[in-house]
Amino acid sequence: MNAKELVEVAERDAQRFRDVHQKIKTEVQRFIVGQEAVLDAALTALFAGGHVMLEGVPGLGKTMMVRSIGQAVDVPFSRIQFTPDMMPADIQGTNVLMETEGGGHELQFQEGPLVSSLVLADEINRATPRTQSALLEAMQERQITVGRRTIKLQEPYCVMATQNPVEQEGTYPLPEAQLDRFLMKIQVGYPEIEEYEAIVDRTTSGKEPEINNVSSSKEIMELRKVVLSVPVPQFAKRYAIHLVVGAQPGSDFAPKIVNEFVSLGPSPRAVQSLMLASKVRALTEGRFAVSNDDIKAVAYDVMRHRIIVNFHGAADGVTADRVIQEVLQHVQPPVV
Amino acid sequence: MSETNRTPAEVRAELSDLARPVAEQLRRGLVQQETRRLSGLAGPTLAFPATYLFLVVLMAPLGIDLQLPWLVLVLLTVMLPCCRVLLRWYQAQQQRVADAVALRAIDSELQLADRMATAHEFVEVAQPDGFQLAAIRDAQQRIQAAHVARPSRPAVAPESPRSLSVAGLAALALLWFASLVTVAVPVDVANPGGERQVAAVAQKPSEQPLDIVNQPKPEVKVAAQRTPRQAQKDSNSSSVSEDETSSDASRRGKNPIGSGRSAEARAAAGGGSERGQPSNQAQSTKGEKSAKPKAKKKPKSKKDGAEKTEDQKKPPQESGSTLGRGSGKGSSKSPTASPWSAKDQVVSDDEQDPEEDEEVDDENDESKARGGVQPNLRQRKPPVNRDLQISMGSGKPQDDANGRGGPGGPKKQRGVAQLVLGVTFPDHISAKPNPGMSKITQERIEPQAQQGDSINGEGRGARAAPMGHLSRRVLSPWMQDLVRSFYLSLREEGGPQ
């Protein structure tokens, strides 16, 4: 294949990615009003092969958005409502005593809702750490182990979790190891004032729009390969690394606020996540390579849940977003 | 060849053409920025004045005059910042802005999202993949537009010279302080009796020229401002000083200027003098009062300085002298006197050399003649610590103990403390209140056979003694009949007999 053909294939793949991305977005927006940035971030996680955490107060349509994405993509979808009394076997699956045709009994494994492609983990912080930890293997290894049985999960596998930031009583905050497995953490805010009218019309008129399947799991997997083939220039790679290292206390690139108020910085997994999310953004922006602007754009969503503010920072009202803002201002793109 | 089908080498050349003028523009801006940056010049501006002041203060006690003309000082002060500016300019001239940096600037100015810089990197790849070629092609389509809309770097405005002006003022202040030091110190070195000159300089520093040191007879000028009584006193002390300098030069080595005086001299000084301070017989004027601190800082010879450092190394001892306290009982605490008064307390007549006694008498006379200003500083060692408490002989003897009351060694107390038993004896025994640990000793003893009386067994026989009283329950008649009939029927059936 000569250079011209290579360019044509790349341009065709990139164009296909943009088309599918736009179709899914349009289909979901038939039901979800506004929240375009949230929808973009959720689709970024879907195409980048990661998981996403949606955090927002109740009533903002988080669950509805994830359900709509599941309907638009046409992948096996399951919803888990996390409760404090939920056990790992409730989501992973367990052996159930079943009656056979001959009148006998046997133990059969019944899969839990985690065995799916698009999993909505609703109010994930209401479950105990024991149940939350059951997600670790599924999110990272894409498999579930119950007893001696290991189940490979079907790709594309994506966990979209929601949690409520204000109602903390009776909840169990996710441990850092679990948070790190989410590619992005998106903060869902209130819709714009002009969007409220459309929300009322669509949800209270008795005419709920139907969401059609505009993509498939196979197409999602193909587009994931396209995302992985987006090249990253050396300067952008270094900039991403400097940003992540700059958010680690005690590093050479860390600003003062990081050294004073951050107890735990992002891990190397954050660099991977920055790269993947930046690749998706570069494709959606119509470019063929990652730029520093892409890294800056996804830095908040990628690094927000990977920065743990210490006690003094929490007392002074320092948030992870403020830390990231300072890091972005402090760390300059490398010259070459 | 169409515009979008160029080879990577051609694209590289186009990118270089695009980057070259911008790189040159960036280099010029860098030179301009470096040469106009004034904030970094404050340090070099202050470097020479600070160093000059330090050296002047350091060399003044040694008698080395580092005084320079003001023109030279200002030139040397300005020289370092100018060198710094020239160095910056040279470095900025030598610096070369890379094409990648220039292309990044173009991307930033034209909001191209790093397309040019990305293409510049990808054209260097040996075998680019499809997306890299697509990125190069994407940038190639925008090169012409970038040529048209080339960014123009705004001229760098000079910084506010506030820091530099502050540094300049500070440099002038440092130089002025240095000039003050150069004036004041050599006066004391050149003229031992120049206290009044220093006082005059201190009163009107701005009116004194810098070469006041070299004036031949400043005493005349200053003495005209004094009262006749002060002049008389000054003449007396100057005569004493002249005698001292001529005949007692070696003795002055032992008695450094500015030290204390003897107790007799203190007593002769009258009640107006403060304790521990040398007194003047005449009332001093305001100018003299101001001159006193300067006189204390009068530079001394190296020998005097060495003695002073030795005295300073000694640990300070609490003064137990009753001088000036009006108490004749003596101190119960360690009586260490001031250096000149300690001589009378410590040194005995037997141990003193007769020649030294004469010298001491001469010095006392001289001290009286000087009005107590020049103290007798012979044997400035502090007296031994005569602790009158019972030391039990555990104290470490001092090096300067003369065997007449110093601590350590044998008991040397006086008075009531002498009567107290000074021998240590234990008043208790260290032991534990419990019985202590018990000791268990095991002995291995072989068993020994013993003879015992054997007893044969025999039958006990029937009971012969009465059984005693047995209670018998009286049954009712119907119950007796019931029991008799029960056993009768049981016998009839062949039951148990």
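**View 1. The exposed and buried sides of helix α5(A).** Pro129(A), Arg130(A) and Glu141(A) are exposed on one side of α5(A), where exposed means 12 or fewer other C-beta atoms within 10 Å of a residue's own, buried means 20 or more, and C-beta atoms are placed from the backbone. Helices here are DSSP runs of H or I, at least four residues, and strands are runs of E, at least two, numbered from the N terminus. Keep in mind that this is a predicted model, with local features needing pLDDT of at least 70, side-chain atom pairs counting only at pLDDT 80 or more, and totals for chains, interfaces and linings using all residues. Residues are numbered from 1 along each chain as its sequence is written, while chains are lettered from A and ligands numbered from 1 in the order written. On the other side of α5(A) from the exposed trio, the buried set is Thr131(A), Gln132(A), Ala134(A), Leu135(A), Ala138(A) and Met139(A). Down the axis, these fall within an arc of 145° (taken from the directions from the axis to the C-beta atoms), so they line one face.

**View 2. Just past the end of α5(A).** Next comes Arg142(A), with a positive phi near 60°.

**View 3. The hairpin of β6(A) and β7(A).** Strands β6 (residues 143–146) and β7 (residues 149–152) of chain A run antiparallel, joined by four bridges; pairing takes at least two bridges found by DSSP. Ile144(A) sits opposite Ile151(A). Two residues lie between the strands, and Gly147(A) has a positive phi near 65°.

**View 4. Around Met160(A).** Met160(A) touches Ala42(A), His51(A) and Val52(A), among others; contact means C-beta atoms, placed from the backbone, within 7 Å.

Conventions. Contact = placed C-beta atoms within 7 Å. Lists of a residue's contacts leave out its neighbours within four places in sequence.
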